[in-house]
Amino acid sequence: VIIPYVVESLIALIDGRMTPQQAAALPHHANMNGPTILEANTPIVALQPALEAMGHTIRVAPLESGLHIIEKTRYGYIGGADVRRPGNVRGD
């Protein structure tokens, strides 16, 4: 599920204009030609009824990513650490 996490983060950073920390902390979802998986114990599970109404088969499961993000800006670097795992990311 690495690719869905990276794509989700890129969309959040570029289209959602989120900070690296906001993007890294997003609840996860994934569909790899099977059931749509929603990250357990996060607000994203509220989408389950609507997704099922659209025909998705839903599975709620723990999805720990450990994804950390570093964004280069013209002023330096900004970091974001996934709150699901120990560790931190530091910028300039």
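Accessible areas were obtained by the Shrake-Rupley method with a 1.4 Å probe. On this basis, the accessible surface of the protein chain in this predicted model comes to about 6200 Å², and carbon and sulfur atoms account for 58% of that surface. The C-alpha atoms fill a box of roughly 45 × 25 × 20 Å along the principal axes. Of the 92 residues in the protein chain, 32% are buried. Among contacts with a separation of 6 or more, 34% link residues that lie 24 or more positions apart.

The secondary structure consists of three helices and five strands. Along the sequence, these elements follow the pattern α-α-β-β-α-β-β-β.

Three strands form an open sheet with mixed pairing, in the order 1-2-3. Strand 1 (29-30) and strand 3 (58-61) stand at the edges of this sheet; each has a single partner strand, so one side of each is left without a neighbour in the sheet. Strand 2, which covers residues 36-39, runs parallel to strand 3, and the two are joined by four bridges. Within this pairing, I37 has R59 of strand 3 as its bridge partner.

In soluble globular proteins, nonpolar side chains tend to be buried together. The largest nonpolar core of the model comprises nine residues: Y5, A12, A23, A24, I37, A61, L63, L67 and I69. At least two residues of this core come from helix 1 (2-14), and at least two from helix 2 (20-24). I37 thus appears both in the core and in the pairing with strand 3.

Contacts beyond the neighbours within four places in sequence were examined for A24, a member of the core. A24 is in contact with L67, I69, G80, A81, D82 and R84; L67 and I69 also belong to the core.

Helix 1 contains both buried and exposed positions. S9, a residue of this helix, has a relative accessibility of 4% and therefore counts as buried, the cut-off being under 20%. Apart from its neighbours within four places in sequence, S9 is in contact with A23, L67 and I69, and these three residues are listed in the largest nonpolar core.

I14 is likewise found in helix 1, but its relative accessibility is 58%, so I14 counts as exposed, for which the cut-off is over 50%. I14 takes part in a nonpolar patch on the surface together with I2, V6 and L10. The accessible area of the four residues together is about 390 Å².

Key. Residues numbered from 1 in each chain as written. Predicted model: local features only at pLDDT ≥ 70, side-chain atom pairs only at ≥ 80, totals over all residues. Heavy atoms only, no water. Core = buried A, V, L, I, M, F, W, Y, C linked by side-chain atoms within 4.5 Å. Buried < 20%, exposed > 50% of the residue type's maximum accessible area, 1.4 Å probe, protein only. Contact = heavy atoms within 4.5 Å. Pairing = 2+ DSSP bridges. Patch = residues over 30% accessible without salt bridge, like charges linked within 9 Å, V, L, I, M, F, W, Y side chains within 5 Å. Salt bridge = Lys/Arg side-chain N within 4 Å of Asp/Glu carboxyl O.
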